[in-house]
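Trainee: Could we go through this one together? I'd like to practise reading a structure step by step.

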Amino acid sequence: MNGGRRAARGVVGYAEAEAETTRPPLRFGYGTNGLADLRLDDALGLLADLGYDGVGLTLDHMHLDPLAPDLPARTRRLARRLDALGLGVTVETGARYVLDPRRKHGPSLLDPEPDDRARRVDLLLRAVRIAGDLGAHAVHCFSGTTQPGTDPETAWQRLADTLTPVLDAAATAGIPLAIEPEPGHLLATLADFHRLRRSLGDPASLGLTLDIGHCQCLEPLPPADCVRAAGPWLRHVQIEDMRRDVHEHLPLGEGEIDFPPVLAALAATGYRGLTVVELPRHSHAGPHYAELSLPLLRRAAACAEAADRTSAAPRPGRLHPAANPPAARPGEPSATPEGSTP
């Protein structure tokens, strides 16, 4: 269904690139946290009409409220709607105030009070059940910030302890839990992800959400190299533009990221989940940015595929005239894990 919509919309060069490559095309989605002013049904219809392959569904009060009554029935209706539209889905848990109307992203997995941590665990367990009912390819989560007065070792132990029942539920459901390195959080970098993975004994149900903008913002390696380093653990990908050292999600083409090499690296990893545009602060103009983003991603992907067919580096012609990311600075964590195994 989606392939027919793509061809009908006549994106120059996309259908040809899709037909000629031997690698299945990347699948693009858009996050509902960037469409917060739309009813969920309207948001899904918009994304299907634009030709997206799927949706990053943030569980929130306006979009499949995970705490409201009749959740199983509402989830079943949503599953039918997604199926009718031909949209894949990732379940995301980054709603700002879904658990506490006064604390952004609170409570977290790192809160000092056990009851508060349990509320976040309950949300993640609900997300796993919803993901199973929707046929989602992953459940996204994050660590949260370290609370004042908490030493790092205690924070890491809390994170491991609180994630354990969620990982068990994810393993039972057959849906990976994909934790996201988030600037400012305890788990902020790819190196931090590997620390957690090793501390938990490398469970198969633990995967990685890689935010391409965060790579540009924080990691010592360029985003394409981050993708290659993260490949064995990739379970979900978020994408937007960003600048070095500034954690601000920008529309594609307004930051410093050179997208064709990033998408070439992503395709080379064999990743088959959704790559979801993440623009939560542009929700006031969500339909506009949803319409702009997909053609840009398709052009970047077609450029990467053409370069791959000619065995050359992705050809010049970024989405914007930005400079290359700077080299790693002394003391920064490496995106390439030392001694890690897939």
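Here we talk through a helix and some salt bridges in this predicted model.

Trainee: Is helix 9 largely enclosed or not, and which residues of helix 9 are buried?

Mentor: Helix 9 covers residues 223-230, and six of those eight residues are buried, so the rest of the structure largely encloses it. To count as buried, a residue needs a relative accessible area under 20%. The ones that pass are Pro 223, Ala 224, Cys 226, Val 227, Ala 229 and Ala 230.

Trainee: What covers the buried residues of helix 9?

Mentor: Look for elements in contact with those buried residues. The cover includes two strands, strand 6 (206-211) and strand 7 (234-239). It also includes helix 7 (190-199), helix 8 (212-218) and helix 10 (259-268).

Trainee: On to charges: is Asp 111, which pairs with Arg 103, buried or exposed?

Mentor: Side chains of opposite charge can pair when their charged atoms come close. Asp 111 and Arg 103 form a salt bridge, with their closest N and O atoms 2.9 Å apart. Arg 103 is partly exposed at 32% relative accessibility. Asp 111 has a relative accessible area of 2%, so Asp 111 is buried.

Trainee: And in the salt bridge between Asp 202 and Arg 197, which residue is buried?

Mentor: Their closest N and O atoms are 3.1 Å apart. Asp 202 has a relative accessible area of 30%, so it counts as partly exposed. At 2% relative accessibility, the buried one is Arg 197.

Terms used:
Residues are numbered from 1 along each chain as its sequence is written. This is a predicted model: local features need pLDDT of at least 70, side-chain atom pairs count only at pLDDT 80 or more; totals for chains, interfaces and linings use all residues. Side-chain values use heavy atoms; hydrogens and water are left out. Buried means under 20% relative accessible area, exposed over 50%, partly exposed in between (1.4 Å probe, protein chains only). Helices (H or I, at least four residues) and strands (E, at least two) are DSSP runs, numbered from the N terminus. Contact means heavy atoms within 4.5 Å. A salt bridge is a side-chain nitrogen of Lys or Arg within 4 Å of a carboxyl oxygen of Asp or Glu.
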